[in-house]
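Visitor: I'd like to learn how to read helix packing in a model like this one. Could you walk me through it?

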Amino acid sequence: MTISWFKYSAPANFYPLAGRMIPWFAGAAVLLTVIGMYIGFVVAPTDATQGEAYRIIFIHVPTAWMAMFGYCVMAGWCAASLIWNTRLSAMMAQALAPTGAMFAFVSLWTGAFWGRPTWGTYWVWDARLTSTLILLFLYLGYMALRAAIDEPRRADRASALLAIVGVINVPIIYFSVKWWNTLHQGATISATAAPKMAHTMLAAMLVMIFAAWFYAIAVTLHRVRSIILEREAHTDWVRALATGAPAGQAGRVGTEASR
Amino acid sequence: MTGMLSMGGYGFYIWCSYGALALAIVVEVWSLRRRRAQALELARMAAEEENP
């Protein structure tokens, strides 16, 4: 049996599929958050040097990673929308941006409230912090540029270019702690070295990272369904859905091109 | 319970961090629900304009 992936690149087909996936991802996010918080606050021991303050790591690292990965995924959807001229790819990028911005903001915020007790300051113009602030501005710039262009397909193309150019910032964030002498500590876990933290602490952080992934997927799918409704509002299937009339009266699924 | 609140003297920093994330999630979920309701309402109005 072959699965027709291109079938689901049509918004009308993807809409119900996304609706079926949301409860699973949302449920996994809630479950993993409960498990992660339990390990992080009940099982994991107090840190020898930082005391309890280190427990901010269980949300700081997952939000920071999601902000960076989310940007890469968003830029990937943007590239796909430019290469194949697919509307759904652009809608996915549009749906991901606010969540990415939220994660970038929370990673900066939690970093500030972790920096104060450990470094003695909420903020320094350190390479890691500054490049993460730029990441937040890239998300906001992408959203502002979209909002400034009325015609959706033009907005897709212009904002996609901005998102793709901005990808250069992600390796700068990642390697900033190696390239520059930063106040921010180096990587806690990496592919080339043993983790520099207790197993229970690491477990809590990894569980929370997966929770952040599933939350981001659930929220993005929910938002993309609203975006599909907004951008396909003129099609028969959306009107049938909104008015409660039986779908497919006209026997076709409209597209933006058929307007 | 007080131990959980004070967190060895770091309670302010820890709960400001977790509180901000919780607030961000609440605001995001609320805005998602509102956006969906608005999108459905707009589609319904557009449909009724055409076939009253």
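Guide: Happy to, and keep in mind that this is a predicted model. Start with a pair in chain A: the axes of α2(A) and helix α6 (residues 169-179) come within 10 Å and cross at roughly 155°. An angle over 145 degrees counts as roughly antiparallel, so α2(A) is roughly antiparallel to α6(A).

Visitor: Which way does α2(A) pass α6(A), left-handed or right-handed?

Guide: The crossing is left-handed. On the α2(A) side the contact is made by Met68(A), Tyr71(A) and Cys72(A), and on the α6(A) side by Val170(A), Ile173(A) and Tyr174(A). Sort the residues where α2(A) touches α6(A) by class and you get six nonpolar, no polar and no charged.

Visitor: What about α3(A) and α7(A), at what angle do they pack?

Guide: Helix α3 (residues 87-119) and helix α7 (residues 199-231) of chain A pack at about 130°, with axes 8 Å apart. That angle makes α3(A) oblique to α7(A). The crossing of this pair is right-handed.

Visitor: Which residues of α3(A) and α7(A) meet there?

Guide: From α3(A) you have Met91(A), Met92(A), Gln94(A), Ala95(A), Leu96(A) and Thr99(A). Facing them in α7(A) are Ala216(A), Val219(A), Thr220(A), Arg223(A), Val224(A), Ile227(A), Ile228(A) and Arg231(A). By class, this contact of α3(A) with α7(A) has nine nonpolar, three polar and two charged residues.

Visitor: Now let's step back. How many helices and strands does chain A have?

Guide: Chain A has eight helices and zero strands, so to speak a plain run of α-α-α-α-α-α-α-α from the N terminus on. Of its 259 residues, 41% are buried. For the reach of contacts along the sequence, take those between residues at least 6 apart: 73% of them join residues at least 24 apart.

Visitor: Can you give me a pair of residues to look at? How far apart are Arg20(A) and Leu221(A), in sequence and in space?

Guide: They are 201 residues apart in sequence and 9.9 Å apart in space, C-alpha to C-alpha. Arg20(A) sits in helix α1 (residues 11-43) of chain A.

Visitor: And why does Arg20(A) count as exposed?

Guide: The cut-off for exposed is 12 or fewer other C-beta atoms within 10 Å. Arg20(A) has 9, so it is exposed.

Visitor: Let's move on to the other chain. How many residues does each chain bring to the contact between A and B?

Guide: Chain B gives 22 residues and chain A gives 29. On the chain B side, the residues that touch chain A divide into 16 nonpolar, two polar and four charged.

Visitor: Chain B has a helix α2 too. What is its span?

Guide: Helix α2 (residues 11-50) of chain B has 40 residues and reaches 58 Å from its first C-alpha to its last, close to the 58 Å expected at 1.5 Å a residue. Its buried residues are Tyr13(B), Ile14(B), Ser17(B), Leu21(B), Leu32(B), Ala39(B), Ala43(B) and Ala47(B). In chain A, these buried residues of α2(B) pack against α2 (57-84), α3, α7 and α8 (236-243).

Visitor: How does α7(A) lie against α2(B), roughly parallel or roughly antiparallel?

Guide: The axes of α7(A) and α2(B) come within 8 Å and cross at roughly 20°. That makes α7(A) roughly parallel to α2(B), and the crossing is left-handed.

Visitor: Which residues meet between α7(A) and α2(B)?

Guide: Val219(A), His222(A), Arg223(A), Arg225(A), Ser226(A), Leu229(A) and Glu230(A) of α7(A) meet Glu28(B), Leu32(B), Arg35(B), Arg36(B), Ala39(B), Leu40(B) and Ala43(B) of α2(B). The split for α7(A) with α2(B) is six nonpolar, two polar and six charged.

Visitor: One last topic, the backbone. What should I look for in phi?

Guide: Most residues other than glycine have a negative phi. Asn85(A) has a positive one, near 60°, and lies in the loop between α2 and α3 of chain A. With 12 other C-beta atoms within 10 Å, Asn85(A) is exposed.

Visitor: Where does Met7(B) lie, and what is its phi?

Guide: Met7(B) lies in the loop between α1 (2-6) and α2 of chain B, with a positive phi of about 45° although it is not a glycine. Met7(B) has 18 C-beta neighbours inside 10 Å, so it counts as partly exposed.

Terms used:
Residues numbered from 1 in each chain as written. Chains lettered and ligands numbered in written order. Predicted model: local features only at pLDDT ≥ 70, side-chain atom pairs only at ≥ 80, totals over all residues. Axes fitted to C-alpha atoms, helices over the stretch in contact; angles between N-to-C directions. Helix = DSSP H or I, 4+ residues; strand = E, 2+ residues; numbered from the N terminus. Parallel < 35°, antiparallel > 145°, perpendicular 65-115°, else oblique. Left-handed = near helix turned anticlockwise from the far one by under 90°. Contact = placed C-beta atoms within 7 Å. Nonpolar A, V, L, I, M, F, W, Y, C, P; charged D, E, K, R; others polar. Expected span 1.5 Å × (residues − 1). Buried ≥ 20, exposed ≤ 12 C-beta atoms within 10 Å, placed from the backbone.
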